[in-house]
Structures are given as structure tokens and as C-alpha cells.
Amino acid sequence: MFRLKAPFKPTPAQKEAIEKLVKNLKTGQKHHVLLGVTGCGKTFLMANLIERMKRPALVISPNKTLCAQTYQEFKEFFPENAVNFFVSYYDYYQPEAYIPQTDTYIEKDAKINEEIDRLRHAAVQDVLTRDDVIVVASVSCIYNIGSPKDYQKVSLEIKRGKKIKRKDFLEHLIALGYQRNDYEFLPATFRIRGNAVEIFLVTGKEILRVEFFGEEIEKISIAEASLNPKYKILNTKYLLYPAHFWVTPQERLKIALENIKLELQERLKELKKKKKFLEAQRLEQRTNYDLEMIEETGYCHGIENYSRHLEFRKPGEPPFTLLDYFQKDPLIFIDESHLTIPQLRAMAHQDRSRKETLIEYGFRLPSCIDNRPLTFEEFDKKVKQIIYVSATPDEYEKRKATKKFIVEELIRPTGLLEPSVEIRPTKNQVRDLIEEIKKRREKRQRTLVLTLTKRLAEALADYLQKEEIPCQWLHGEVKTLERPQILKELREGKYDVLVGINLLREGLDLPEVALIGILDADKEGFLRSETTLIQIMGRAARHPEGHVILYADKITKSMKRAIEEVKRRRKIQMEYNKKYNIYPKPVVKPIREWPFASKKEVALEFWMIKDIKLLEKEMKEAAKNLDFERAAQIRDLIREIEKKKIN
């Protein structure tokens, strides 16, 4: 099923760790720990396990940046298999909320990233149809995405010779969430060309062409998405999945709507009995509007709040998540588990607290509480086997796995040591840091600087720029698909310094980084805990001259324990190197092109082609239709292609 392709073979230490993990998994034990230091090849070890166990895999990462990096690595290891990316599709998200103290209602506000939405659909469809599938996901994978049975049931079976009127076929497409657009052909749209209907699949990968002869499907063909698609005839049936999640079969939709109406009447009685007439009026008006929209179009803004009725779930019953779409029990990897587990624990509690207030004040029906993430207990119950992967596993993971099922990998194939560590006073810490950065610049080495706040990160980055040090900041407000591009530019040398808060810790693969500067290291707390400090220091462990400077006026307990652990691991590697006569050598890692970073807000198909004549034709067509913004975007793309050809 899985074919791992790598330019290297496991080292003896890696091979030993793989064999132990495989042996442990075959016992049927549920909880396992892979304690691997930075640079030991944890992703490679996971890839070997997937190949050996022959099971689909779900890798859950604590943030989108690490998720993107891991996704790229797995794509390289498994070029012939289905490797997918599943993260929250919001570039910006403000959940619906109500603040009673100030009588402030905050409407849900979000900017959906259509690229990520397509990737999510591609992941779900691969999970439903293939066994050789790996999904690299953020913690959003435990959030409700609708019933897999309904998702499959409403899908449209298209096959040659099927008797169906074209008008009925188009109605089916609209019911699946596809929209007709004969002018701007984008994913999740269809257009009509003579006797043919062309459907741009929601995944953004392919275009399906269905040709009719009278009231019969005469031919089905498919092509990779481009302006000049080359179709291949399909002799088998094709299953067209919905363009949205939460699509309910038509025969069940009426029942679901009646159940929503019944709940509304019961809730209105409760509110009026408590003399909450304003809340009752608000709820009635809003719910009736949503019901009317669902009846007319099959969809409404915030439809997920009615998911319990649409999926016919009982109150309190766990929601359907990505886990329910897997056809076989997947092997679950919790990457950087010391961070990911707390996130998984907190999601359901935070969600419930916000919705209880909305329900109390008449903004939502009580059933909205069941549109939620899984609780941690529900998540744990659903999965069969978990491997916690971290350089610093927490007590929870260690306790669950027990000592017998904890596999340590503290040896790096490169022989690189943990970085050297020193403590310096906070007085004039920025000026001192600048001098150290300049020393690294002369050697073409990169630096990471850790601050405590976003504001300080941005201010410091601006100050370094004024000192003529190419620099960039990176924190949670940087868009999902821009973060890997910034890291790539750091490696390429566009920046010498990256300043951040906690996005620069776990798992980031930056071999050019030789110096880590941690400002205010003695401010005890989450950002300066033992685990966090060890993780931060690990970012310099991929360079032979890796060094960490802790700016502090006192040595906290966390600092002391972190420094001792780094020294312990450094000693183990030194002894191993001496025993096998290994000389530390730098990590050689190709700088990958991040496939989504250079895309602007232009229709996806333009970025899949490099034919300037076709692009010029489309640019003129856009200008002719007075769509000057689109024409300008295509013009910029043409210039970019021409520039690359010259270079």
C-alpha cells in the first residue's frame, strides 16, 4: 500500500527505534511514545512506521506552520500515495459571541481561504476512497464536519448510458452546492458547452466533462485543471461528492426542518415563561429566517448550528469528525504532543462556554451546543492506537504509555550536538544581541529571536531593520499560507533574523539557524517553561555551531532543568560520536518550494499553466468584460513568468 521513497536508509539507531515501535504496536497496546530529539529524523521514523504497519495515518500537529512543513516532508516520502493537508480554512475567524455585561453581540466574522477549503475536501474524499492515505492535520480535525454517510449518500453517481434529463442533472449539481458560472470557471462551479456540462471539482484538481445525447449520458471524461484541459475518457462510473459539508438528503431534510421548528416552539415557551420576551422575539426571527433559507437553497449562514438535527444525532451525542471518514482505523500520531494534547483538551470546553451564553440570551437554539469539537474523552475513545511524538513528552503521555512503551531516539544521524548554552544579563540585551547577530551574518548564518509579546516582536523586527539587518517577524496574525514562505525566505537568505513568540519552537526545520536569542528568559510561565525552553533551544541543534543565549537576571527552576537536560543529551551524542568515530556535519536539506505561497487571488487554473499566449488571451478577455482587477492580476503573473525565464 505505502511505498516510502527516501534518498537515505535508516541509521542503526533509527532502525533500532523503528523495530521497537513496530514490535510495540503489534502487541495491540493503545498508547506509545516516541521521544525524539530535534534532528533525529522523527518524520522519517513516522514514515517508516506507516510503511511497515500498512495502515492509513492521521498526523495531528499543534500549529499550521508545523503542519505545513510536515505535510511537505510526507509528500516527498510518499510521492505515489495520497498525502493530504487538513487545517482550519479560516485566514481570520471571529466566532459568534455575546457579552451580557455590555450588551454586545459579536456576529461571526471570518475570511475563508478557498485554497485550504479545497484541500480539506480533497483530504476527506481520499480518506473515503483510499487505504493508502496520510492526512497531516491541525487540531481542527476533531471539529464537527457532518455525517460521512450523508456526505456519501447525497453524492451523484455519473455513468455512461444513465438515463437522466440534462435539466435534472443540473438540479442535482446545484443541490450538491455547485454553482453555474459560464464566465469565471472556478472550483465548485460548472458551465455548459453545447451538449456538455463541465464541472470544476471542489478539490480544485480536476475538471469533469459530462456529454449528453438526448436524455442519456453519452460520455464521461476527466482532465487536470488548466485553461486547456486534456480530457481522458472514463469507462467507469464517477461519484461526484458535495461541494459543502452538512448536505442532508432531500427526503430527510423536511423531517430535520420540522424537528428544528419543534425545538424552536419549546424554547420560545421556556423564554416567555421566564418573561424573556426580547430573547424570544430575537430567537424566533433569526431561526425562521434560517429555516426559510435552508428550504429555498439547502444552505444558510451558520448552518452548522443546526447540525444535530440535520444529522439526526441525539442531544450530547459526539459530532462527526474527520476520524469518522476513515474506512480503516488510522494510526494516530500526535506530533509535539506536549503542546497538542492541551489544545485537544481545551477545545470543547471553550466552545461550550461561548455557546451557553448565546443560548441564554436568545441568539441560538439549545441544539447549537452539539455543533462542537470532540471532548478529549470522546477523542480518546474513538482512536485505537496513538503514538505521542515529542522531544519533551508531558506526564500524561508518559503515564499512559508506561515506561515499557516509550522509545527514545536521542541520537542524530549527522552527529550534531545539542547547542551550547550561556546566560547573559538583561541590561542592554537588545544591543548585545545585535552584536551577536552581526557575527553570525558574517558567516552567513541565521538567527531566531524569541520575545514575550507580538508587539515586542514587531517593534524589535522594525528596530533591527533600522540597524540594516534584514529581518521579519512571525506570529499568529501572519496568514496560514504565508508562514512557510517566510521560513523559506529565511533559509534562502532574504532575512538574517526571524523574530517571534512561540511559532518558532516545535519542529521547525531550519538548518541555517546557528543562534537563538531568548529575551527575558527568567520570566517564568508558559512561554519560558522547561518544556518550552528545551524546544526553543532545539532550533539551533541542526547547525554545527549551534548556540543559545538566555538573557536573564536570575536562574529560574525551568531554566536550570532545561539547561541540565540539554547538557545530558549533548553528552549522550558526544559519547556516541566518540564510540563510532563520527564527526558532526551540517544538515543538508533542500529548500522546498511552498506550493501555495506565490498564489494571488486569481482563479486557481491560471497558476497551473505557464503558457503566456493563453494567459494573454485570458487577460484581454477579462479587460473586454471590464474586469480590470482580474486582468491586472493575470498581467502580473505573465511578468513573473517572463522574469523567471530571463533569470
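**Figure 1. Salt bridge between Glu 489 and Lys 494 in the predicted model.** In this predicted model, the side chains of Glu 489 and Lys 494 are joined by a salt bridge, with N and O 3.8 Å apart. Glu 489 is the buried partner, at a relative accessible area of 13%. Lys 494 has a relative accessibility of 49% and counts as partly exposed, because the partly exposed class runs from 20% to 50%.

**Figure 2. Salt-bridge network around Arg 424 and Glu 422.** Six residues are joined into one network by salt bridges that share partners: Glu 422, Arg 424, Asp 432, Glu 436, Lys 439 and Arg 440. One salt bridge is that of Arg 424 with Glu 422, where the closest N and O atoms are 3.0 Å apart. Arg 424 is buried, its relative accessible area being 17%. Glu 422, at 26% relative accessibility, is partly exposed. The value for Arg 424 is 17%, so this residue falls under the 20% limit for buried residues, whereas Glu 422 at 26% does not.

**Figure 3. Salt bridge between Glu 96 and Arg 286.** A search of the whole structure gives 49 salt bridges. Among them is the contact between the side chains of Glu 96 and Arg 286, with an N to O distance of 2.5 Å. This pair connects distant parts of the chain, 190 residues apart. Glu 96 belongs to the loop between strand S4 (90–94) and strand S5 (97–99), while Arg 286 is in helix H8 (residues 277–297). Glu 96 is buried at 7% relative accessible area, and Arg 286 is partly exposed at 22% relative accessibility.

**Figure 4. Aromatic pair of Phe 376 and Tyr 396, with Arg 345.** The count of aromatic pairs in the structure is 17. In the pair of Phe 376 and Tyr 396, the ring centres are 5.6 Å apart and the planes stand at 70°, so the arrangement is edge-to-face. The edge-to-face class applies because the planes are over 60 degrees apart. Phe 376 lies in helix H11 (residues 376–382) and Tyr 396 in helix H12 (residues 395–401), so that the pair links distant parts of the chain, 20 residues apart. Both rings belong to buried residues: Phe 376 has 7% relative accessibility, and Tyr 396 has 11%. Tyr 396 has a further contact, with Arg 345 placed over the face of its ring at 4.8 Å from the ring centre.

**Figure 5. Aromatic pair of Tyr 576 and Tyr 580.** The ring centres of Tyr 576 and Tyr 580 are 4.7 Å apart. Their planes are at 45°, so the pair is tilted. Tyr 576 counts as buried at 19% relative accessibility, because the limit for buried residues is under 20%. Tyr 580, at 47% relative accessibility, counts as partly exposed.

**Figure 6. Aromatic cluster, and a charge over a ring.** Tyr 98, Tyr 105, Tyr 361 and Phe 363 make up one aromatic cluster. A separate panel shows Phe 185 and Arg 191. The charged end of Arg 191 is placed over the ring of Phe 185, at 3.9 Å from the ring centre.

**Figure 7. The second largest pocket.** The second largest pocket holds about 850 Å³ of space. Its lining is made of 36 residues, and the closest to the pocket centre are Phe 8, Gly 41, Asp 509, Val 587 and Lys 589. Helix H2 (42–53) and helix H3 (64–77) are the elements that supply two or more residues to this lining. H3 gives the most, with six residues. By class, the lining of this pocket has 12 nonpolar, 11 polar and 13 charged residues.

**Figure 8. The second largest cavity.** Four cavities of 30 Å³ or more are present in the structure. The second largest cavity has a volume of about 80 Å³. It is lined by 13 residues, of which Gly 146, Ser 147, Asp 150, Trp 246 and Val 247 are the closest to its centre. The lining of this cavity divides into seven nonpolar, four polar and two charged residues.

Key:
Residues numbered from 1 in each chain as written. Heavy atoms only, no water. Salt bridge = Lys/Arg side-chain N within 4 Å of Asp/Glu carboxyl O. Helix = DSSP H or I, 4+ residues; strand = E, 2+ residues; numbered from the N terminus. Buried < 20%, exposed > 50% of the residue type's maximum accessible area, 1.4 Å probe, protein only. 1 Å grid on protein atoms, 1.4 Å probe; cavity = no way out; pocket = protein on both sides within 12 Å on 5 of 7 lines; lining within 4 Å. Points joined across faces, edges and corners; volume = space filled by probe spheres on them. Nonpolar A, V, L, I, M, F, W, Y, C, P; charged D, E, K, R; others polar. Phe/Tyr/Trp six-rings, centres within 6.5 Å; stacked < 30°, edge-to-face > 60°. Lys NZ or Arg CZ within 6 Å of the ring centre and 35° of its normal.
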